[in-house]
Amino acid sequence: MSRFENKVMLITGAAQGIGQRVAERAAGEGALLVLVDRAEFVHEVAQGLEAQGTRVIALQADLERFAEVERVVQQAIQTFERIDVLVNNVGGTIWAKPFEHYAEAEIEAEIRRSLFPTLWCCRAVLPHMLEQEEGAIVNVSSIATRGLNRVPYGAAKGGVNALTACLAFENGERGIRINAVAPGGTEAPPRRVPRNTNPISTQEQAWYQQIVDQTVQSSLMKRYGTLDEQAAVILFLASDEASYITGVTLPVGGGDLG
């Protein structure tokens, strides 16, 4: 398939995990790629794809800051002159514990990590898509909007769901589709940069195990998903095959609806 032939796709959080797999599969379908991550090894991902013939640029940025997002979008436009698809993949649980154990700074950090990059990227990219009178945005949410030990993260992803629905209402008649996927537990290689760099206590390990157990129990398939199972749905919603779908948050959690 070549669903993205000559289409410019900006993917955030592209250095590893779901974002990297989306980039790899989109490259195989002809996309021109803008890969963004705060980690320097986003350049390794880009170099590997470039060696296979993909036109790609890699940018390092802290997408929790709007000025950084604007810089990324401007560089993408300067390089490729347009942005056809935006995949907002930045986010993820930093801490896992019952809500009463979160400090004020930890709550704020979770919201900044898992809501603001999506909010800012939509704000920065949307004017360019409106000028083009076409475009597709896919936001990566989570089924953790109903789950254990991640209240601030779940609240942030609930914001992503609301953002998706509201933007779709505003832009459905203007040629822009906005959807989200809500991944369940997903098997992925160990993170090269952990979200929480502090040592994990025995109690924190037990709280995280509760998340793992609940995730498997809530899935009708009783397993975690794969990176390809997540990337496939993201790319479907980004493609013209989903041309009559907007404002939807689609759970991808083996039957767990979140």
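## A pair of crossing helices

A crossing of two helices is called left-handed if the near helix is turned anticlockwise from the far one by less than a right angle, and right-handed if it is turned clockwise. With that in mind, look at helices α4 and α6 in this predicted model. Helix α4 passes α6 in a right-handed crossing. Helix α4 covers residues 104-114 and helix α6 covers residues 151-171; their axes come within 8 Å and cross at roughly 30°.

Which residues of α4 and α6 meet? On the α4 side they are Ile107, Glu110, Ile111 and Ser114, and on the α6 side they are Pro152, Tyr153, Ala155, Ala156, Lys157 and Val160. Sorted by character, the residues of this contact are seven nonpolar, one polar and two charged.

## The sheet

Now turn to the strands. Seven of them form an open sheet with parallel pairing, in the order β3-β2-β1-β4-β5-β6-β7. At the edges sit β3 (56-60) and β7 (249-252), each of which pairs on one side only. From one strand to the next, the twist averages 15°.

Helices pack on this sheet too. Helix α1 (residues 17-28) touches β1 (8-12), β2 (32-37) and β6, and its direction makes about 165° with that of β1. Helix α3 (residues 66-80) touches β1, β2 and β3, and its direction makes about 165° with that of β3.

## A closer look at β5

Strand β5 (residues 135-140) is a good strand to follow by eye. It is joined to β6 (residues 176-183) by six bridges, and the two strands run parallel. In this pairing, Ala136 stands opposite Arg177 of β6, and the bridge partner of Ile137 in β6 is Ile178. Strand β4 (residues 85-88) also runs parallel to β5, and four bridges join the two. Here Asn88 stands opposite Asn139 in β5. To get from β5 to β6 the chain crosses through α6, and this β-α-β crossover is right-handed.

Is β5 mostly covered or mostly open? It is mostly covered, with six of its six residues buried. Gly135, Ile137 and Asn139 point one way from the strand, Ala136, Val138 and Val140 point the other way, and all are buried.

## Three buried residues

Start with Val8, which lies in strand β1. Its relative accessible area is 2%, so Val8 counts as buried, the cut-off being under 20%. Leaving aside neighbours within four places in sequence, Val8 is in contact with Leu32, Val34, Phe80, Arg82, Ile83, Asp84 and Val85. One of these partners, Phe80, is 72 residues from Val8 along the chain, and the C-alpha atoms of Val8 and Phe80 are separated by 7.0 Å.

Next comes Gly92, in the loop between β4 and α4. Gly92 has a relative accessibility of 4% and therefore counts as buried. Apart from residues up to four places away in sequence, Gly92 touches Glu110, Arg113, Ser114, Tyr153 and Arg195. Some of these names should be familiar: Glu110, Ser114 and Tyr153 also take part in the contact of α4 with α6. For a separation along the chain of 43 residues, look at Gly92 and Leu49, whose C-alpha atoms are separated by 25 Å.

The third is Gln230, found in helix α8 (residues 227-238). Is Gln230 buried or exposed? With a relative accessible area of 2%, Gln230 is buried. Not counting residues up to four places away in sequence, Gln230 touches Ile18, Pro183, Gly184, Thr186 and Val252.

## Two residues with positive phi

Most residues other than glycine have a negative phi. Against that background, Asn6 and Glu133 deserve a look. Asn6 has a phi near 65°, a positive value in a residue other than glycine. Asn6 sits in the segment before β1. At 56% relative accessibility, Asn6 counts as exposed, because the cut-off for that label is over 50%.

Where is Glu133 found? Glu133 is in the loop between α5 (116-132) and β5. Phi of Glu133 is near 65°, again a positive value in a residue other than glycine. The relative accessibility of Glu133 is 61%, so Glu133 counts as exposed.

Definitions and conventions:
Residues are numbered from 1 along each chain as its sequence is written. This is a predicted model: local features need pLDDT of at least 70, side-chain atom pairs count only at pLDDT 80 or more; totals for chains, interfaces and linings use all residues. Side-chain values use heavy atoms; hydrogens and water are left out. Axes are lines fitted to C-alpha atoms, for helices over the stretch in contact, and angles run from 0 to 180 degrees between N-to-C directions. Contact means heavy atoms within 4.5 Å. Ala, Val, Leu, Ile, Met, Phe, Trp, Tyr, Cys and Pro count as nonpolar, Asp, Glu, Lys and Arg as charged, and the others, Gly among them, as polar. Two strands pair if DSSP finds at least two bridges between them. Buried means under 20% relative accessible area, exposed over 50%, partly exposed in between (1.4 Å probe, protein chains only). A crossover is right-handed if, with the strands pointing away from the viewer, the path from the first strand over the helix to the second runs clockwise.
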